[in-house]
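Notebook open, model loaded. I'm jotting down what I looked up, one stop at a time.

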Amino acid sequence: MLLLAGHGLAETSVFSGPRPSARFIPPPPTLQDVSSASGGIIDVFVEDREAAPPSADGETAPPPADDCMPFASVPGLVGRMMAGQAPATCSFADGSVGVSAGRTPSPPAATGPPLEPRAPLAPLSLPVGADKHLASAVRQLDAMVRLERRLSDQLPLTPERLNTLHFRSDAASQHQGRRALRDLMVVQLASNSSTRAASATTTTTTTQSRSGNGRTMRVTVRKTMVGEKRVPGCEIEPEISCDRSNKYRTADGSCNNLKTPSLGRSGTGLHRLLNSTFSDGIFGPRLLGSGGSPLPSARRLSTSLLSTNANADGRVAVSLPVFAEFLSHDLQQTGVFRLEGDRPLDCCAADNHPQCLPISVSGDDPVFSAAGRRCMSMTRSLPAAERQCLPRPAAPLSRQTAFLDGSGLYGATAADTRRLRELRGGRLRSNDGLLPTRDARDATAENTILSAVTSGRRRRDAFGRPSIGFPGNGLFARHPFSNHRANEQLHGALLHTVWLREHNRVADELARNHPDWDDERLFQEARRVVVAQLQHITYNEFVPGTLGYEYAATRGLLPLSVGFSPLYNASVDPRPAVEFSTAAFRAGHSKLQGMLRLVSRSGQVDNSKLTDGAFNPAPLVDGGFFVRLARGMIDQPAESTDANFAAAVHGEMLGGVDLPALTIQRGRDQGLATYPAAVQHCHGNTLASWNDYSAFMDAEAVEALRAAYADPSDVDLYIGGMMERHAEGADLGPTFQCLVGDMFYRLRVGDRFFYDNADQAGTFDDAQLNELRKASMARILCDNVGGDFDGVQPMAMLRPDERENPIVSCSSQALPRVNLGVF
Ligand code: HEM
Ligand SMILES: [Ca+2]
């Protein structure tokens, strides 16, 4: 058992001062260094390159002790280790392990962003007289609302019923979604009628103009008369005014972008990189292939193209996808249409509701046919209001702030944040160090139902069997969270809890250091420090560990080692693109394990079923379980990212939900670009025939796609992306690598409060920034898991390895602390 390899190490004083290298003085970066590297990768190792001469017996001599750096101080080291490049290790004075700076190759220079950020897609045009359709749109919407009143909440305690917990909503989002729907209906009705009357509105104008050489030319222009620019009846929300000198982020993300203060605010729409594939170009789901015949069922694609077996990755630990899920909850939270009182729609029973998009299940389905199940419920995404009321294809409404700002933890509206705060000492509310419990104000019909489930009425799974799990203590019904998805599975709840404790740990220390600061100042400063650490860990560990080291370095996605970033660009759109949220980032679903490993301090291994912990954080109340789960999370290998999914999410989720099938259908719901369109955008290749596919995937995969789809241009983005061969050194295929890379580039360059930005209201000082760069996932776990958790491998998103990533004591020099004394 590798796990406890480091526990016997002498415990010496905690390293929290400057880096332990006496002779290493990093060269100050020039602006040119930083910008020519585009992401600002500064080669701090160059001077030491010759430092390790081979010894007489041909072995490399051990490096001098002052050459030794903590693992996390080498930007993006995770990416190198993931690709099998062993770090050149060395020992600190306390005997713990570090990386030899002199023997670590310098990163390649950055050549440019993953994709050139580009201007938003042009709006659609509205024909003359669009306003006369407003009344019919209102009538259609009223009819939908009347239908909804007649629909009772009859979704039985099925797997889908539990899945609807992902989509809890609030009255404001439902109201906004319906208002946006009305605008979309106006555009739909107007363009329908304009298609019929196209010839009547098309005019031909012939004019004469003088060309450059003085000759007269005849120019003929045919154009469709364009009426209103803005959708009739749509209300433009006035932009708010911002305090430009505020060094703290707002709760809802507004005023991050001073040119467009609402950009990235919670309650606005996601970004769209590529043209939509809505059947009507506006909001109609994509149901037909290019030849006009229906696309294959999402469930059929999932069973025929995606496999279900265990296939664990060697180096990546489960903690990496858990961290990814935490990020995904921060970046977006799309909603679906719900009935009044936040009740879910049963789209298998009420398929006449216009916002239903159930998935058909065939009679020969390998799993569901046994229970005679022919349908999987799915409700359509809520659209967001278009900011300027321009006619555009629908964009899903997101309840999170677009920025990587801890909004999953802190709440994404001022009201959420207030509820989540203790309003004393800058702290967040907790329930004895666990996630806070729901209070009476959060009571909803769904909670009542869940209490019933947990207090004895057992749900049944898709096969009609009484399902295990959901112990009868009613606990999770009390777990609130504006981001209710924190309870979605035990690892996610654990990581949210760890970050919540980190906030309170930081707030407590700041309070000790600054007795004069009030609650508000303590809260905002602690949040600022915690979000900076979250960003640093994301770019230092998660991004290179997912996209690959070379890719991250050359696309400007690694953190700087020294100095400030001049890269903030207010013209870059920071919002998650639908291509990212609804396809590329969901690649993480394939990394999930159905069994969560529990490891005791003595190395004893046990397991907990993923599905038993779904929306049921009760086991975490047991502190011993909490620690064993944390240790298991960094010990257990993640599944590899590919077209193979753990049964626990592939049909057996919540007792009978197929997550990849939902993702494919969600893509059609949101008019997501197809796989060939994304390939064209990312790599410039045209996939006109099945043969062209072989540039991205193996022959078997191409054959399987050919058998499933009528036409190569029809392939859904999620399916194509999951079937790609991995890009060199990455944990993803090249197309998802490009879409995820693009997102993390825009999240960095488009965030005015990004932790290493120069010259902004929220800019840290030199000493503070250097402390923040010591942050690591390992340190966060050490400081917040508690109990007998006292050791961890330095690269905590990779599995421990006796030689390359050995477990070290939490108090060793290998895991430096961020010195909060400088804040
Ligand atoms: C056990 C763990 C997980 C479960 C059960 C789970 C489940 C789900 C479900 C049910 C949805 C909504 C599906 C729909 O559109 O109808 C979803 C969305 C999503 N998941 Fe996961 N997920 C898990 C872990 C992850 C991980 C590890 C990632 C990592 C990258 C991830 C990324 C996403 C993203 C980006 C979305 C879209 C969110 C949105 O549109 O607002 N999830 N997940
Ligand atoms: Ca956010």
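**Entry 1: a hairpin.** I started with strand 2 and strand 3, which form a hairpin with five residues between them. Gly95 sits in the turn and has a positive phi of about 90 degrees. A reminder to myself: this is a predicted model.

I then checked how the two strands pair. Strand 2 and strand 3 (residues 97-100) run antiparallel, with three bridges between them. Thr89 has Val99 in strand 3 as its bridge partner, and Ser91 has Val97.

**Entry 2: the rest of that sheet.** What else pairs with strand 3? Strand 1 does, again in the antiparallel sense, over two bridges. Here Cys68 stands opposite Ser100 of strand 3.

Putting this together, I get an open sheet of three strands in the order 1-3-2, with antiparallel pairing. Strand 1 (68-69) and strand 2 (89-91) are at the edges with a single partner strand each, so each has one side without a neighbour in the sheet.

**Entry 3: the calcium ion.** Next I went to ligand 2 and asked which protein atoms are donors to the calcium ion. Asp330 gives both O and OD, and Thr401 gives both O and OG1. The others are Phe403 (O), Asp405 (OD) and Ser407 (OG). These donors lie 2.3 to 2.6 Å from the ion.

I wrote down the spacing of the donor residues in sequence as D-x70-T-x1-F-x1-D-x1-S. The pair Asp330 and Thr401 links distant parts of the chain, 71 residues apart. Asp330 belongs to helix 8 (residues 319-331), while Thr401 is in the loop between strand 10 (397-398) and helix 9 (407-410).

Are these two residues buried or exposed? Asp330 has a relative accessible area of 2%, so I put it down as buried. Thr401 is at 0%, and therefore buried too.

**Entry 4: the iron atom.** For ligand 1 I looked up what the protein gives to the iron atom. There is a single protein donor, His589 through NE2, 2.1 Å away. I found His589 in the loop between helix 15 (578-581) and strand 11 (595-599).

**Entry 5: helix 13.** I checked its length against what a helix should span. At 1.5 Å a residue, the 29 residues of helix 13 (residues 519-547) should cover 42 Å, and the end C-alpha atoms are 40 Å apart, which agrees. I noted a kink all the same: about 40 degrees, centred on Thr538.

Helix 13 is mostly covered, with 27 of its 29 residues buried. Gly548 comes after the helix, and its phi is positive, near 95 degrees.

**Entry 6: helix 21 and Thr735.** The same length check here: helix 21 has 16 residues and reaches 22 Å from its first C-alpha to its last, close to the 22 Å expected at 1.5 Å a residue. I found 16 of the 16 residues buried, so helix 21 is largely enclosed by the rest of the structure.

I picked out Thr735, which is in this helix (residues 734-749). Its relative accessible area is 0%, so it counts as buried. What does the side chain of Thr735 meet in a polar contact? The side chain of Glu724, at 2.5 Å. Setting aside neighbours within four places in sequence, Thr735 also has contacts that include Tyr675, Ala678, Val679, Cys682 and His683.

**Entry 7: positive phi outside glycine.** I looked up two cases. Leu423 has a phi near 65 degrees, a positive value in a residue other than glycine. Leu423 lies in the loop between helix 10 (414-420) and helix 11 (445-454). With a relative accessible area of 45%, Leu423 is partly exposed.

Asp759 is also a residue other than glycine with a positive phi, near 60 degrees. I located Asp759 in the loop between helix 21 and helix 22 (766-772). At 73% relative accessibility, Asp759 counts as exposed.

**Entry 8: the whole protein.** Last, I zoomed out. I logged 23 helices and 17 strands. Of the 823 residues, 60% count as buried. I also noted the contacts between residues at least 6 apart in sequence: 78% of them join residues at least 24 apart.

Notes: Residues are numbered from 1 along each chain as its sequence is written. Chains are lettered from A and ligands numbered from 1 in the order in which they are written. This is a predicted model: local features need pLDDT of at least 70, side-chain atom pairs count only at pLDDT 80 or more; totals for chains, interfaces and linings use all residues. Side-chain values use heavy atoms; hydrogens and water are left out. Two strands pair if DSSP finds at least two bridges between them. Helices (H or I, at least four residues) and strands (E, at least two) are DSSP runs, numbered from the N terminus. Donors are N, O and S atoms within 2.8 Å of the metal (3.2 Å for Na, K and Ca); water is not among the atoms, so sites may look incomplete. Buried means under 20% relative accessible area, exposed over 50%, partly exposed in between (1.4 Å probe, protein chains only). A polar contact is a pair of N or O atoms within 3.5 Å; within protein, one must be able to donate a hydrogen and the other to accept it, and residues adjacent in sequence count only if both atoms are side-chain atoms. Contact means heavy atoms within 4.5 Å. The expected span of a helix is 1.5 Å times one less than its number of residues. The bend at a residue is the angle between axes fitted to the seven residues ending there and the seven starting there.
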